[in-house]
Amino acid sequence: FVIDEQNVGFVRYLIAYLNRWEETFRKCAVEMTGVEGDTDKPLFVMGQRGVGKTLHLQIASKFATVMRLKSREFINTSASELLNYMRVKGNLDYYTYNIGGVEMKAGTLGSARPWGVCLHDLGLELDASNKQRIYGTDLVAVLNDFLMARYELYQNCGLMCHVTTNLTVDQFTKNYPPRVRDRFKQYNYVTIKGVSRR
């Protein structure tokens, strides 16, 4: 993992966000996006393929756990993982309300309560070559339901659902239904610029 001019601004932004350093985060947000951010809102991280969106958020998840930032802890999943989970289990309970109390980490029994999540690869379901269906339900419907459930958890419990995507804000607005788009007003939008590191 390399920190350089391509990602150093986002690394500062992310560290300030995770630690809830309000003033520092607002300053970093203005530098990165032109608007002040809010540490009480989830992150919507955009950028080209390979710039490190997923890796940064995976590291952020570990950082929050190691530093015991309880209100900042989250698990990582992807659009394809949600589809596979839905295919096997027939529901998204583990990633939404966790009514079943599934284990979150090895050796730790979940307490039948939800937790924060980061969804990677939002927009994958829009790829025409990826129109997979599960018992008549396609990935678009699965992700729309997931996003609506996560919005309720954010509103009712303050639990974040961060997102990484290759989409731009305009592409997101054009491709998602109004009821989903409306819920995304509650996000800190930020773009990691640069070229692929893969």
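# Briefing: a parallel sheet, its helix α3 and selected buried residues

The side chain of Thr-39 is in polar contact with the side chain of Glu-22, at 2.6 Å. This is a predicted model, and the points below follow the sheet, the helix α3 that packs on it, and several buried residues, Thr-39 among them. The sheet is open and consists of five strands in the order β2-β3-β6-β1-β7, with parallel pairing, and α3 touches β1, β2, β3 and β6.

**The loop residue Thr-39**

- Thr-39 lies in the loop that connects α2 (22–33) with β1, and it counts as buried because its relative accessible area is 0%, where the cut-off for buried is under 20%.
- When neighbours within four places in sequence are left aside, the contacts of Thr-39 are Tyr-17, Arg-20, Glu-22, Phe-25, Arg-72 and Met-160; Glu-22 is thus listed among its contacts and is also its partner in the side-chain polar contact of 2.6 Å.

**The sheet and strand β1**

- In the strand order β2-β3-β6-β1-β7, the edge positions are taken by β2 and β7 (188–191), each of which has a single partner strand, so one side of each has no neighbour in the sheet.
- From one strand to the next, the twist averages 15°.
- Strand β1 runs parallel to β7, to which it is joined by four bridges, and it also runs parallel to β6, to which it is joined by three bridges.
- Within the pairing of β1 with β7, Phe-44 stands opposite Tyr-189 and Met-46 stands opposite Thr-191, while on the β6 side Met-46 stands opposite Thr-165.
- Both faces of β1 are covered, since Leu-43 and Val-45 on one side and Phe-44 and Met-46 on the other are all buried.

**Helix α3 on the sheet**

- Helix α3 comprises 14 residues (53–66) and reaches 20 Å between its first and last C-alpha, close to the 20 Å expected at 1.5 Å a residue.
- The buried residues of α3 are Lys-53, His-56, Leu-57, Ala-60, Ser-61 and Ala-64; viewed down the helix axis they fall within an arc of 140°, so they line one face of α3.
- An α-helix has 3.6 residues a turn, so residues three or four places apart point the same way.
- Lys-62 and Val-66 are exposed, and they are carried on the face of α3 that is turned away from its buried side.
- The elements covering the buried residues of α3 include α1 (8–19) together with the strands β1 (43–46), β2 (74–78), β3 (116–122) and β6 (161–165).
- In its packing on the sheet, α3 has a direction that makes about 155° with that of β2, and the helix is followed by Arg-68, whose phi is positive, near 55°.

**Val-11 in helix α1**

- Val-11 is found in helix α1 and counts as buried because its relative accessibility is 15%, which falls under the 20% cut-off.
- Not counting residues up to four places away in sequence, Val-11 touches Ile-3 and His-56, and His-56 is itself one of the buried residues of α3.
- Val-11 and Cys-28 are separated by 17 residues in sequence and by 9.7 Å in space, C-alpha to C-alpha.

**Thr-164 in strand β6**

- Thr-164 has its place in strand β6, and its relative accessibility of 0% makes it count as buried.
- The side chain of Thr-164 is in polar contact with the side chain of His-120, at 3.0 Å.
- Apart from neighbours within four places in sequence, Thr-164 is in contact with Val-45, Lys-53, Thr-54, Leu-57, Cys-118, Leu-119, His-120, Asp-121 and Leu-122; among these, Lys-53 and Leu-57 are buried residues of α3, and Val-45 is one of the buried residues of β1.

**Helix α5**

- Helix α5 has 19 residues (139–157) and reaches 26 Å from its first C-alpha to its last, close to the 27 Å expected at 1.5 Å a residue.
- Its buried residues are Leu-139, Val-142, Leu-143, Asn-144, Phe-146, Leu-147, Met-148, Ala-149, Arg-150, Leu-153 and Tyr-154.
- After α5 comes Gly-158, whose phi is positive, near 75°.

Key
Residues numbered from 1 in each chain as written. Predicted model: local features only at pLDDT ≥ 70, side-chain atom pairs only at ≥ 80, totals over all residues. Heavy atoms only, no water. Helix = DSSP H or I, 4+ residues; strand = E, 2+ residues; numbered from the N terminus. Expected span 1.5 Å × (residues − 1). Buried < 20%, exposed > 50% of the residue type's maximum accessible area, 1.4 Å probe, protein only. Arc of directions from axis to C-beta. Contact = heavy atoms within 4.5 Å. Polar contact = N/O pair within 3.5 Å; in protein donor to acceptor, adjacent residues only side chain to side chain. Pairing = 2+ DSSP bridges. Axes fitted to C-alpha atoms, helices over the stretch in contact; angles between N-to-C directions.
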